[in-house]
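Opening the notebook on this one. I want to go through the strands, the last helix, a pocket and the charged pairs, in that order.

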Amino acid sequence: MTQTQQDPIDLLIAIEEASTTPIRPEYVEGMAIVPPAPNDNHNDGAFELSFQFRAAGHRLVGMGNGYRAAHKDGTTMALLIPDFYVRRRRPSELDDSYLKAHRGWYPIDMIALVGEVTSSNHETDTGPKLRTYAAAGVPIYVLINRNTKTAHCYTAPVLPSDDPKEAYYDAESKVSLGNPLVLPAPYPTLDTAPFLED
């Protein structure tokens, strides 16, 4: 990173400080993104999915934390706040040091499964975020697309070059909302019916 290039973390902090209302922007594919205020169906549905993971015995489920993906040279590739996630591990001392050094962002390699529920900016979750999670090697991406009324489970991330915008998931299963979404073991089959009340 050159001296004149601003770290995206600094950019997001500046956006947060300039806002008159509490926000937590994200940084994906070179763009700062301020997510729209989610409606109750978005939040309730994301919470319901998190609860399904916990009920199935997955205790490292969470919501609300930010994660940083880095390029090979160590510079920031993306800053993401998933709607829900399952971690590989509890934060270690090293993870806590990373969080402090990167001012509120954990390393993305803590995540085993990530989930997003689309809002009015559904293209972000279906394009840039999908590619970024794949580029970062997140093994499973669960997407609830309220725009198309479908639920997706993406697996087998592929990064064919040094360009994260070329990353993709090699496998996808898809169902209409209301139908069960089968996830790879050891994860539960998800009930997507809570999203029918849009």
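**Strand pairing.** I started by looking up R87, and its bridge partner in β8 is I111. This is a predicted model, so I keep that in mind for everything below. β6 and β8 (residues 111–117) are joined by four bridges and run antiparallel. On to β3 (residues 61–62): two bridges join this strand to β6, again antiparallel. For V61, the bridge partner in β6 is V86.

**Faces of β6.** Which residues of β6 are buried on each side? I found F84 and V86 on one side and Y85 and R87 on the other, so both faces of the strand (residues 84–87) are covered. The split is what I would expect, because side chains in a regular strand alternate between the two faces of the sheet. I note that R87, a charged residue, is among the buried ones.

**Helix α5.** Next I checked how covered α5 is. Seven of its eight residues are buried, so I put the helix down as mostly covered. The buried ones are P128, K129, L130, T132, Y133, A134 and A135. After the helix comes G137, and its phi is positive, near 80°.

**Second largest pocket.** I then turned to the second largest pocket, with a volume of about 250 Å³. Its lining has 18 residues, and Y27, G30, H71, T76 and M77 lie nearest the centre. Which elements give two or more residues to this lining? They are β5 (76–80) and α5 (128–135). The largest share, three residues, comes from α5, the helix I had just written down as mostly covered. Sorting the lining by class, I get six nonpolar, seven polar and five charged residues.

**Salt bridges.** How many salt bridges does the structure hold? I count eight. I looked at three of them one by one. As a reminder to myself, side chains of opposite charge can pair when their charged atoms come close.

D10 with R103 went into the notebook at 2.6 Å between the closest N and O atoms. D10 sits in helix α1 (residues 8–18) and R103 in the loop between α3 (93–101) and β7 (105–107), so this pair ties together parts that are 93 residues apart in sequence. Is D10 buried or exposed? Neither: at 30% relative accessibility, D10 counts as partly exposed. R103 is also partly exposed, with a relative accessible area of 42%.

D95 with R89 has its closest N and O atoms 2.8 Å apart. Here I wrote down a contrast between the partners: D95 is buried at 3% relative accessible area, whereas R89 is partly exposed at 27%. The cut-off for buried is under 20%, so R89 does not make it.

D125 with K129 has a closest N to O distance of 3.7 Å. That still counts as a salt bridge because the cut-off is within 4 Å. D125 and K129 are both buried. I followed the shared partners from there, and salt bridges join E26, E116, D125 and K129 into one network.

**Tying it up.** K129 turns up twice in my notes, as one of the buried residues of α5 and as a member of that network. R87 also has two entries, as a buried residue of β6 and as the bridge partner of I111 in β8.

Definitions and conventions. Residues are numbered from 1 along each chain as its sequence is written. This is a predicted model: local features need pLDDT of at least 70, side-chain atom pairs count only at pLDDT 80 or more; totals for chains, interfaces and linings use all residues. Side-chain values use heavy atoms; hydrogens and water are left out. A salt bridge is a side-chain nitrogen of Lys or Arg within 4 Å of a carboxyl oxygen of Asp or Glu. Buried means under 20% relative accessible area, exposed over 50%, partly exposed in between (1.4 Å probe, protein chains only). On a 1 Å grid over the protein atoms alone, a cavity is a set of points where a 1.4 Å probe fits but cannot get out, and a pocket is an open set with protein on both sides within 12 Å along at least five of seven lines; lining residues have an atom within 4 Å of a point. Grid points are joined across faces, edges and corners, and a volume is the space filled by probe spheres set on the points. Two strands pair if DSSP finds at least two bridges between them.
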